[in-house]
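This report describes the secondary structure, a sheet, a helix and one residue environment of a single chain. The sequence and structure are shown first.

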Amino acid sequence: MKCRTQKQSQSIPEELRYTFKDFNLEFPDDDSCLEHVKEERWPNGVARCSKCKQDRKHHRVSGRTAYACGYCGTHIYPLAGTIFEKSSTSLRTWFYAMYLMGSTRCGISAKQIQRETGVTYKTAWRMFKQIRQLLSEDDLRLEGPTVEMDETYMGGVRKYGTGRPMRGDKKKTPVAAIVERKGRIVAKAVPDVKGSTLLGMIHDHVTPDSTIYTDELNAYHGIRSMKRSDGLTSAGYRHRTINHSSKVYVRGNVHTNTIEGFWSLLKRGINGVYHSVSPKYLQGYLDEYSFRYNHRDEGNLIFKSILARVSELAN
Ligand SMILES: [Zn+2]
């Protein structure tokens, strides 16, 4: 199935639209991008001056990525500690890569940004990798009282056009995901689906007292062993299984469709756009898809949320 970016964008409410034209107007050049990063970190250019030991207004130093204290002239650098700091790629190209990443549902290939901006494939690929690193929401706590957990497998059998497996095939990587009723998701590439592994993920991301639903139709060995060892219950969680007879009824309550929709989007994207992803980089892709998923109500303005991560994570 193809990614329907075009159609999707038409259904975005007006106030959440942010077109390429809007992007060009707001960020016509590197200077406007730099100004944006500066404003995100230090609104109105007011920052603590290391020399004055006071909050001072800072002004742009022309020809440099620096702003100077209005009183003593000491410089501050908005790009310091960000993913842009050591990059020789134009700031606007970075912004554009983020815009593209936020404007698609299925993902964006390094080839596309290479084609459109003229950076090398290697540079494009590295930019996307770094942007993905910004999108990890490792501290996300899902709010109960009901969450659903599911698992799937990514990668593995890569095929030639004929459907024949390629040589040097790697094993499939298990991915576990937990989704809350309101629909935020946490997805992790996991070494295995043992009870202890899944329980660790639940501990990290689910509030105790929550009820965790799993689908008994799939292979929940891990969940079952958690239950057997009573790990879940003693940690303060309740576990319920969605079975055949109650499935239709329960579905409405626990958003089985949400997590399944996420899997299909992820697989469509990775198979269609990225073709194959090695286990080493899989988490980055999961972070990218989860971030878009968790910010899906923002329309195209998700670009601004991606951008905000740059300064949030700057040290
Ligand atoms: Zn100063």
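How many bridges join strand β1 to strand β2, and do the two run parallel or antiparallel? Strands β1 (residues 46-49) and β2 (residues 54-61) run antiparallel and are joined by four bridges. The model is predicted.

## Overall composition

The chain contains 13 helices and nine strands. Of its 315 residues, 31% count as buried. Among contacts between residues at least 6 apart in sequence, 64% join residues at least 24 apart.

## The β1-β2-β3-β4 sheet

Four strands form an open sheet in the order β1-β2-β3-β4, with antiparallel pairing. Strands β1 and β4 (75-76) stand at the edges, and each has a single partner strand, so one side of each is left without a neighbour in the sheet.

Individual residue pairs can be followed across the sheet. Between β1 and β2, Val46 stands opposite Lys57, and Ala47 has Arg56 as its bridge partner. Strand β2 also pairs with strand β3 (residues 66-69), in the antiparallel sense and over four bridges; here His58 of β2 stands opposite Cys69 of β3. Strands β3 and β4 pair in the antiparallel sense over two bridges, and the bridge partner of Tyr67 in β4 is Ile76.

## Hairpin turns

The hairpin of β1 and β2 has four residues between the strands, and Lys53 takes a positive phi near 60°. Strands β2 and β3 likewise form a hairpin with four residues between them. In the turn of the β2-β3 hairpin, Gly63 has a positive phi of about 80°.

## Helix α4

Does the length of helix α4 agree or disagree with the span expected at 1.5 Å a residue? Helix α4 (residues 91-102) has twelve residues, which should span 16 Å at that rise; the end C-alpha atoms are 17 Å apart, which agrees.

Eleven of the twelve residues of α4 are buried, so the helix is largely enclosed by the rest of the structure. Among the buried residues are the aromatic side chains Trp94, Phe95, Tyr96 and Tyr99, together with others including Leu91, Thr93, Met98 and Leu100. An α-helix has 3.6 residues a turn, so residues three or four places apart point the same way. The buried residues of α4 pack against six helices: α2 (20-26), α3 (30-41), α5 (110-117), α6 (121-134), α12 (279-294) and α13 (302-312).

## The environment of Ala187

Ala187 is found in strand β7 (residues 185-189). Why does Ala187 count as buried? The reason is its 27 C-beta neighbours inside 10 Å, given that a residue is buried if 20 or more other C-beta atoms lie within that distance.

Leaving aside neighbours within four places in sequence, Ala187 is in contact with Val175, Ala177, Leu286 and Ser290. Ala187 and Gln283 are 96 residues apart in sequence, yet their C-alpha atoms are 8.2 Å apart in space.

Technical notes: Residues are numbered from 1 along each chain as its sequence is written. This is a predicted model: local features need pLDDT of at least 70, side-chain atom pairs count only at pLDDT 80 or more; totals for chains, interfaces and linings use all residues. Two strands pair if DSSP finds at least two bridges between them. The expected span of a helix is 1.5 Å times one less than its number of residues. Two residues are in contact if their C-beta atoms, placed from the backbone, lie within 7 Å.
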